[in-house]
Amino acid sequence: MGELVDKIKGNLDEAAGKIKQQSNDPETRDEGAAQELKGKGEQFAGKIKGALGDDI
């Protein structure tokens, strides 16, 4: 179950980050880039959990 949750959270963070990067405010763009990176990390964690059978 953790695999799916991480992948969903990752997709949502990545999408929100991409939207924020379209802003005219440089601070918001930076925040969006960080959020997108966080989302990619969560997706990666989900893949690892899936490969290990949610045992981590």
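These exercises work through the helices, salt bridges and accessibilities of a predicted model.

**Exercise 1. Helix length**

Task: Check whether the end-to-end distance of helix 2 agrees or disagrees with its expected span.

Solution:
- Step 1. Take the limits. Helix 2 covers residues 26-52, which is 27 residues.
- Step 2. Find the expected span. The rule is 1.5 Å times one less than the number of residues. For helix 2 this gives 39 Å.
- Step 3. Compare with the model. The end C-alpha atoms of helix 2 are 39 Å apart, so the two values agree.
- Step 4. Look just past the end. Gly-53 follows helix 2 directly and has a positive phi of about 75°.

**Exercise 2. How the helices pair**

Task: Decide whether helix 1 and helix 2 are roughly parallel or roughly antiparallel, and give the hand of their crossing.

Solution:
- Step 1. Start with the axes. Those of helix 1 and helix 2 come within 7 Å and cross at roughly 160°.
- Step 2. Apply the cut-off. Angles over 145 degrees count as roughly antiparallel. Helix 1 is therefore roughly antiparallel to helix 2.
- Step 3. Add the hand. The crossing of helix 1 past helix 2 is left-handed.
- Step 4. Place the connection. Gln-22 sits in the loop between helix 1 and helix 2. Its relative accessible area is 65%, so Gln-22 is exposed.
- Step 5. Measure from the loop into the helix. Gln-22 and Gly-32 are 10 residues apart along the chain, with 8.6 Å between their C-alpha atoms.

**Exercise 3. The buried face of helix 2**

Task: Name the buried residues of helix 2 and say what they pack against.

Solution:
- Step 1. List them. They are Gly-32, Gln-35, Glu-36, Gly-39, Glu-42, Gln-43 and Gly-46.
- Step 2. Find the partner. These buried residues pack against helix 1, residues 2-20.
- Step 3. Take one residue in detail. Gln-35 belongs to helix 2. It has a relative accessible area of 17%, so it is buried.
- Step 4. Read its contacts. Neighbours within four places in sequence are left aside. Gln-35 then touches Asp-13, Glu-14, Ala-16, Gly-17 and Lys-20.
- Step 5. Contrast with Gly-50. This residue is also placed in helix 2. At 30% relative accessibility, however, Gly-50 is partly exposed. Its C-alpha atom lies 16 Å from that of Asn-11, 39 residues away along the chain.

**Exercise 4. Salt bridges within a helix**

Task: Compare the salt bridges Glu-3 to Lys-7 and Glu-36 to Lys-40 by distance, spacing and exposure.

Solution:
- Step 1. Set the total. The whole structure holds 6 salt bridges. A pair qualifies if its side-chain nitrogen and carboxyl oxygen are within 4 Å.
- Step 2. Take the distances. Glu-3 and Lys-7 meet at 3.1 Å, N to O. For Glu-36 and Lys-40 the value is 3.8 Å.
- Step 3. Check the spacing. Glu-3 and Lys-7 are 4 residues apart in helix 1, about one turn. Glu-36 and Lys-40 are 4 residues apart in helix 2, again about one turn.
- Step 4. Check the exposure in helix 1. Glu-3 is partly exposed, because its relative accessibility is 27%. Lys-7 is partly exposed too, at 29%.
- Step 5. Check the exposure in helix 2. Glu-36 has a relative accessible area of 15%, so it is buried. Lys-40, at 43%, is partly exposed.
- Step 6. Locate Glu-3 against helix 2. Glu-3 and Ala-34 are 31 residues apart in sequence, and their C-alpha atoms are 22 Å apart.

**Exercise 5. A salt bridge between helices**

Task: Which residue forms a salt bridge with Lys-20, and which parts of the chain does the pair link?

Solution:
- Step 1. Name the partner. Lys-20 bridges to Glu-31, with 2.6 Å between the closest N and O atoms.
- Step 2. Place both ends. Lys-20 is in helix 1 and Glu-31 in helix 2, 11 residues apart, and the pair links distant parts of the chain.
- Step 3. Classify Lys-20. Its relative accessibility is 26%, so Lys-20 is partly exposed.
- Step 4. Classify Glu-31. It is partly exposed, at 43%.
- Step 5. Connect with Exercise 3. Lys-20 is also among the contacts of Gln-35.

Notes
Residues are numbered from 1 along each chain as its sequence is written. This is a predicted model: local features need pLDDT of at least 70, side-chain atom pairs count only at pLDDT 80 or more; totals for chains, interfaces and linings use all residues. Side-chain values use heavy atoms; hydrogens and water are left out. Helices (H or I, at least four residues) and strands (E, at least two) are DSSP runs, numbered from the N terminus. Buried means under 20% relative accessible area, exposed over 50%, partly exposed in between (1.4 Å probe, protein chains only). Contact means heavy atoms within 4.5 Å. Axes are lines fitted to C-alpha atoms, for helices over the stretch in contact, and angles run from 0 to 180 degrees between N-to-C directions. Angles under 35 degrees count as roughly parallel, over 145 as roughly antiparallel, 65 to 115 as roughly perpendicular and the rest as oblique. A crossing is left-handed if the near helix is turned anticlockwise from the far one by less than a right angle, and right-handed if clockwise.
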